[in-house]
Amino acid sequence: MRNKAHNHPVAVYHTTISILLHMVLYVAIIAMFTYCLIKVDYLGAQLLFGTLIAAMILPIAHILRHTHDRIIVTPSHLSLTNVEARSKQEKWKTVKKAILPWSNIKDISPDYDIKITNSVIIQKQVIVTLRNNTKYYIDSDLYDVFFLENKLKAHWHRFSNQK
């Protein structure tokens, strides 16, 4: 008989409040463009504002699919939902649910991404690397990765030696 406590969640990490904040921002931008669309009489400006409104729908759809994402830690495995995965030669692809046994994890490490727009933005992500060199990318926009990396490492060290 299996030990039920072995698969009982020790910790569950939810997507952060940043999703809600992004949604409020996008809705405010759409409201502003809609107001401008109604007030302006010039056809070229109306087309521009209509295009900008339509362009805001894609980021909303992208963020909405992550509202129920979770990272679940059990003594036997790490479970990730909606995570980006990459094998040795392949490109990044979305995996709906990944269950990673602690014994298969080779490393949990940070990755820093530098984005240069009007200002320089440095983002930290967490990369979970398996023994077969498959990598799983945890997005910094969805989770509080500054503390998540240390918490996942602590769980990994705690549970990887247990049988």
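Glu-149 counts as buried, because its relative accessibility is 6%; here buried means under 20% relative accessible area, exposed means over 50%, and partly exposed lies in between (1.4 Å probe, protein chains only). Glu-149 forms a salt bridge with Lys-153, and their closest N and O atoms are 3.3 Å apart. The term salt bridge stands for a side-chain nitrogen of Lys or Arg within 4 Å of a carboxyl oxygen of Asp or Glu. Lys-153, with a relative accessible area of 26%, is partly exposed. The two residues are four apart in helix α3 (residues 145–159), which means that about one helical turn separates them. A search of the whole structure finds one salt bridge.

A word on the model itself. It is predicted: local features need pLDDT of at least 70, side-chain atom pairs count only at pLDDT 80 or more, and totals for chains, interfaces and linings use all residues. Residues are numbered from 1 along each chain as its sequence is written, and side-chain values use heavy atoms, with hydrogens and water left out.

Now step back to the whole chain. Three helices and seven strands make it up, and from the N terminus on they follow the order β-α-α-β-β-β-β-β-β-α. These elements are DSSP runs numbered from the N terminus, with helices being H or I of at least four residues and strands being E of at least two. The chain has 163 residues, and 36% of them count as buried. Among contacts with a separation of 6 or more, 55% join residues 24 or more positions apart, where contact means heavy atoms within 4.5 Å. The accessible surface comes to about 10600 Å², and 62% of that belongs to carbon and sulfur atoms; such areas come from the Shrake-Rupley method with a 1.4 Å probe, and for residues only the protein chains shown count as cover.

Let us start the walk at strand β1 (residues 11–14), where you will find Tyr-13. Tyr-13 is buried, because its relative accessible area is 16%. What does Tyr-13 touch, not counting residues up to four places away in sequence? Its partners are Asp-69, Arg-70, Ile-71, Val-73, Tyr-143, Leu-148, Lys-151, Leu-152 and His-155. Tyr-13 and Asp-144 are 131 residues apart along the chain, and their C-alpha atoms are separated by 9.2 Å.

Next comes helix α1, residues 18–39. Its 22 residues, at 1.5 Å a residue, should span 32 Å, and this agrees with the 32 Å between its end C-alpha atoms; the expected span is 1.5 Å times one less than the number of residues. Ser-18, Ile-19, Met-23, Tyr-26, Ile-30 and Phe-33 are the buried residues of α1. They lie on the same side of α1, because they cover an arc of only 140 degrees around the axis, the arc being that of the directions from the helix axis to the C-beta atoms. Turned away from this buried side is a face with the exposed residues Leu-21, Val-24, Val-27, Tyr-35, Ile-38 and Lys-39.

What covers the buried residues of α1? The cover includes α2 (43–64). In turn, the cover of the buried residues of α2 includes α1. For α2, 22 residues at 1.5 Å each should span 32 Å, which agrees with the 32 Å between its end C-alpha atoms. Its buried residues are Ala-45, Phe-49, Ile-53, Met-56, Ile-60 and Ile-63. Seen down the axis of α2, these fall within an arc of 75 degrees, so they line one face of the helix. The face turned away from them carries the exposed residues Leu-43, Leu-47, Thr-51, Ile-57 and Leu-58.

Further along, strand β3 (residues 77–86) holds Asn-82. Although Asn-82 is not a glycine, it has a positive phi of about 45 degrees. Asn-82 counts as buried, because its relative accessibility is 13%. Asn-133, in the loop between β6 (120–130) and β7 (135–138), also has a positive phi, near 70 degrees, in a residue other than glycine. Asn-133 is partly exposed, with a relative accessible area of 33%.

Finally, look at the surface around strand β5 (residues 105–116), where Ile-114 is found. Ile-114 counts as exposed, because its relative accessibility is 54%. Together with Tyr-112 and Ile-122, Ile-114 forms a nonpolar patch with about 350 Å² of accessible area. Patches are made of residues with over 30% relative accessible area and no salt bridge, joining like charges within 9 Å and nonpolar side chains (Val, Leu, Ile, Met, Phe, Trp, Tyr) within 5 Å.
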